[in-house]
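Dear colleague,

I am handing over a structure for you to look at, and below it you will find a short account of what was found. Please keep the structure open while you read.

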Amino acid sequence: MRARQKSLVALGINVLLGLSIIAGCAAVRKVTYPPDFIYLDREQVTSSMAHFSVNLSRIDDILANSETVLPYQREEIIDLLRDIEKVADQLGAGTQVTSHLLIDQNIDKFKSDVRKAKEAVEGETPNYFLVGRLSGSCTACHVVR
């Protein structure tokens, strides 16, 4: 019985030690990284890229299947581009540093391309040329892989 109590105490100490190490790692991250550092976990990056892909595929479908883009389709394209901007903003910008070097190097250019494409579509005479080139912005970064 005494040996069982000792093993339970040892187990409890190990669990507490493990939890304190995990909590300590989170605290170390706060101290070792600059305040404006953005930590992007793999799931967030994968989810964001999938989001871009779905929206750009939808835009491509609209443009490929329409001789003339109707007003409701134009609004859908604008909404999809706004959504892309929103997700891209969550990945960082400018002087912000993230845990993902390729994103740091390319996100500002991608966001600029999306903004220019959206402005071209929102213009008095909508122009969809830049929207069609957005997929090329993806390959600029993903050609490395």
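A residue is called buried when its relative accessible area is under 20%, exposed when it is over 50%, and partly exposed in between, with a 1.4 Å probe and protein chains only. This is a predicted model, in which local features need pLDDT of at least 70 and side-chain atom pairs count only at pLDDT 80 or more, while totals for chains, interfaces and linings use all residues. Residues are numbered from 1 along each chain as its sequence is written, and side-chain values use heavy atoms, with hydrogens and water left out.

In helix H3 (helices are DSSP runs of H or I with at least four residues, numbered from the N terminus), the buried residues are Gln-73, Ile-77, Ile-78, Leu-80, Leu-81, Ile-84, Glu-85, Val-87 and Ala-88. Lys-86 also belongs to H3, but Lys-86 is exposed, because its relative accessible area is 52%. In helix H2, Val-45, Ser-48, Phe-52, Asn-55, Leu-56, Ile-59 and Ile-62 are buried.

How do the two helices pack? H2 (residues 42-64) and H3 (residues 71-89) pack at an angle of about 165°, their axes 10 Å apart, where axes are lines fitted to C-alpha atoms over the stretch in contact and angles run from 0 to 180 degrees between N-to-C directions. H2 is therefore roughly antiparallel to H3, a term for angles over 145 degrees. Among the residues that make the contact (heavy atoms within 4.5 Å) are Phe-52 and Ile-59 of H2 and Ile-77 and Ile-84 of H3.

Best wishes

Technical notes
Angles under 35 degrees count as roughly parallel, over 145 as roughly antiparallel, 65 to 115 as roughly perpendicular and the rest as oblique.
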